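Please walk through this predicted model by starting from its side-chain contacts and working outward to the pocket and the overall fold.

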Amino acid sequence: MPGIGASWILELGHYMASDMSNKDNIGRFWDIIERVGVCMLTTQFARGLRARPLEARPDCDAGLIFFVTDIHSAKEDEIEATPDVGLVFIDSNDNAYLSITGRACVMRDAEKTKAAWRKTDEVWWPGGPNDPDVCLLRIEPLTAELWDGPASSVVTAYEFAKARLTGEEPKLGENRKVTVKM
């Protein structure tokens, strides 16, 4: 994709600790999720796709992403009917774009909910993590694609200006694809 730097495709499965580049790419993947926090979750419904923002609660050790949500929302019904979902995280400060496909399920697990719970959740569920309307979405990431551009907007602007003057493509980083086993 022109205009974006390095591109990685991460196929998430069993991680092999001996491969350092895999470890670095997986670390970058989780770093973006933790730093950005809010993503767009896309589900499928009878007439197409629906996306909405949600705050991710990553569990890097388990290789899972959780969302605290309301049991009565449409996304729970959509996930139960078709568990394949998409997540998009955008880190505009670092010029990084992460797209994840995964398998979702709706769960009611008091201990997991308490672990994922944040004080700000009480705005929506005053009863706390034991509120009867609270549930968790559990996402098992299957594949991810990361577009990682130059972090500096000055470098990007310079490369675009130079490209306009010379007619050459801007040099915004190396495009490469790396398969990662988790």
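A charge is taken to sit over a ring if NZ of Lys or CZ of Arg is within 6 Å of the ring centre and within 35 degrees of the ring normal. In this predicted model, arginine 50 lies over the face of phenylalanine 45, at a distance of 4.0 Å from the ring centre. Arginine 50 also takes part in another contact, through its backbone rather than its side chain: the backbone oxygen of arginine 50 lies 3.3 Å from a polar atom of the side chain of arginine 52.

Arginine 52 itself lies in strand β3. With a relative accessible area of 14%, arginine 52 is buried, since the cut-off for that class is under 20%. The side chain of arginine 52 is also joined to the side chain of glutamate 78, by a polar contact of 3.1 Å.

The next topic is the aromatic rings. A pair of aromatic rings is described by the distance of the centres and the angle of the planes, and the structure holds 2 aromatic pairs. In one of them, the ring centres of phenylalanine 29 and tryptophan 30 are 4.9 Å apart and the planes stand at 90°, so this pair is edge-to-face; the class requires planes over 60 degrees apart. Both phenylalanine 29 and tryptophan 30 are buried. For tryptophan 117 and tryptophan 125, the ring centres are 6.2 Å apart and the planes make an angle of 55°, so the pair is tilted. Tryptophan 117 and tryptophan 125 are likewise both buried.

Tryptophan 125 leads on to the largest pocket, since Trp125 is among the residues that line it, together with others including Trp124, Val123, Asp121 and Thr120. The volume of the largest pocket is about 210 Å³. The elements that give two or more residues to its lining are β3 (48–55) and β5 (64–70), and the largest share, 3 residues, comes from β5. Among the lining residues are Leu54 and Glu55, as well as Val68, Thr69 and Asp70. Sorted by class, the lining of the largest pocket has 5 nonpolar, 2 polar and 5 charged residues.

One of these lining residues, Thr69, can be followed further. Threonine 69 has its place in strand β5, and, with a relative accessible area of 3%, threonine 69 is buried. The side chain of threonine 69 is joined to the side chain of glutamate 76 by a polar contact of 3.5 Å.

What pattern does the chain follow when read along the sequence? The chain follows β-α-β-β-β-β-α-β-β-α-β-α, and its secondary structure comes to 4 helices and 8 strands. Of the 182 residues in the chain, buried residues make up 39%.

A last stop is the segment after α4 (153–166), where glutamate 169 has its place. Is glutamate 169 buried or exposed? At 66% relative accessibility, glutamate 169 counts as exposed, because the cut-off for that class is over 50%. The C-alpha atoms of glutamate 169 and glutamate 159 are separated by 8.4 Å, and these two residues are 10 residues apart along the chain.

Terms used
Residues numbered from 1 in each chain as written. Predicted model: local features only at pLDDT ≥ 70, side-chain atom pairs only at ≥ 80, totals over all residues. Heavy atoms only, no water. Phe/Tyr/Trp six-rings, centres within 6.5 Å; stacked < 30°, edge-to-face > 60°. Buried < 20%, exposed > 50% of the residue type's maximum accessible area, 1.4 Å probe, protein only. 1 Å grid on protein atoms, 1.4 Å probe; cavity = no way out; pocket = protein on both sides within 12 Å on 5 of 7 lines; lining within 4 Å. Points joined across faces, edges and corners; volume = space filled by probe spheres on them. Nonpolar A, V, L, I, M, F, W, Y, C, P; charged D, E, K, R; others polar. Polar contact = N/O pair within 3.5 Å; in protein donor to acceptor, adjacent residues only side chain to side chain.
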